[in-house]
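The following exchange takes up the terms applied to one protein chain and asks what justifies each of them.

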Amino acid sequence: ALLQAAGPAQPNLSRIGNLARGPPHRGFAGPHGVERWPNAGKQTHTNGRIGVQHGEEGMSGLLRWLHQPDADEIWLSSPLGSSIAVLVRDENGVELVAGRGPPRRAATAEVLTREALGWDLPLSGLEYWILGQPAPGSDPARIERDPASGRLMHLVQDGWSIQYRRYLDTEWGPLPALINLEYGSLQIRLAVDRCFVLSGTGVVV
């Protein structure tokens, strides 16, 4: 297992770190009503915490995620900061290195985490959901926005229910700070402490 199962997970994810505050701005509607945001397709670097509950088993830990349009690197560590595993996606697929075990590969992160951990990490959708927008490629079954700000509050897409509990206003626009994802009996909670939006050259924009 990627992280040791510790019974029902009760991660302390209520405190959100600080981000530079700036004026909010909204995305705009694309084809089929899917919202497009200026941050889509750029590099993002996210630091935060993750809690997973699947049936009777649960885990919690720290998350560091470097996303690029054609690659991802995700570092998971224990709540005390000890390195647990690294997940890497490139043009050849996805590789998971956990502990002292051999690398494991699969075509997608969903397949690899299902085989290695017993639960799916929806990486293909999460790269968009973590920015507060639906993923392209399939029409969402449900979209709810805050009437005042227009921010996405509840999204149902590809069988996942994504609820946005909190946003932070940053110089890159409003970014989600607390996200709950559910798929059947699987629950994933993400608390974002810091998220940086980068250009293709690595320069903050």
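**Salt bridges, burial and core**

Q: What makes the contact between the side chains of Arg105 and Glu95 a salt bridge?
A: In this predicted model, the N to O separation of Arg105 and Glu95 is 3.3 Å. The rule asks for a side-chain nitrogen of Lys or Arg within 4 Å of a carboxyl oxygen of Asp or Glu, so the pair qualifies.

Q: Why can the pair Arg105 and Glu95 be said to tie together parts of the chain?
A: Arg105 belongs to strand E8 and Glu95 to strand E7 (residues 93-98), so the bridge joins parts that are 10 residues apart in sequence.

Q: Why is Glu95 called partly exposed?
A: Glu95 has 25% relative accessibility. Buried requires under 20% and exposed requires over 50%, so Glu95 falls in between.

Q: Why does Arg105 receive the label partly exposed?
A: The relative accessible area of Arg105 is 41%. That value is neither under 20% nor over 50%, so Arg105 counts as partly exposed.

Q: What makes the side chains of Asp90 and Arg105 a salt bridge?
A: The N to O distance for Asp90 and Arg105 is 3.7 Å. The limit is 4 Å, so this pair also meets the rule. Asp90 lies in strand E6 and Arg105 in strand E8 (residues 104-106), 15 residues apart, and the bridge links distant parts of the chain. Asp90 is partly exposed, because its relative accessibility is 28%.

Q: Which residues are linked in a network of salt bridges?
A: The network links Asp90, Glu95 and Arg105. Arg105 meets Asp90 in one bridge and Glu95 in another.

Q: How do you know that Arg89 and Asp72 form a salt bridge?
A: Their side chains meet at 2.5 Å, N to O. This is within 4 Å, so the pair satisfies the rule. Arg89 is in strand E6 (residues 83-90) and Asp72 in strand E5 (residues 71-77), with their positions 17 residues apart in the numbering. Both partners are buried. By the same rule, the count comes to 7 salt bridges.

Q: Why is Val111 described as partly exposed?
A: Val111 has 27% relative accessibility. Buried would need under 20% and exposed over 50%, so the intermediate label applies to Val111. This residue is found in helix H1 (residues 109-117). The C-alpha atoms of Val111 and Pro122 are separated by 9.4 Å, with the two residues 11 apart along the chain.

Q: Which residues touch the most other members of the largest nonpolar core?
A: Trp129, Leu181 and Ile188 do so, in a core of 40 residues. Strand E13 (residues 186-198) supplies the largest share, 6 residues. In soluble globular proteins, nonpolar side chains tend to be buried together.

Q: With which residues is Ile188 in contact, leaving aside its neighbours within four places in sequence?
A: The partners of Ile188 include Ile50, Val52, Trp119, Pro122, Trp160 and Leu181. Contact requires heavy atoms within 4.5 Å.

Q: What makes the phi of Asp158 notable?
A: Phi of Asp158 is near 55°, a positive value in a residue other than glycine. Most residues other than glycine have a negative phi. Asp158 sits in the loop between strand E10 (152-157) and strand E11 (160-170).

Q: How many helices and strands does the chain have?
A: The chain has 2 helices and 13 strands. Of its 205 residues, 45% count as buried.

Key:
Residues are numbered from 1 along each chain as its sequence is written. This is a predicted model: local features need pLDDT of at least 70, side-chain atom pairs count only at pLDDT 80 or more; totals for chains, interfaces and linings use all residues. Side-chain values use heavy atoms; hydrogens and water are left out. Helices (H or I, at least four residues) and strands (E, at least two) are DSSP runs, numbered from the N terminus. Buried means under 20% relative accessible area, exposed over 50%, partly exposed in between (1.4 Å probe, protein chains only). A nonpolar core is a set of buried Ala, Val, Leu, Ile, Met, Phe, Trp, Tyr and Cys residues joined through side-chain atoms within 4.5 Å.
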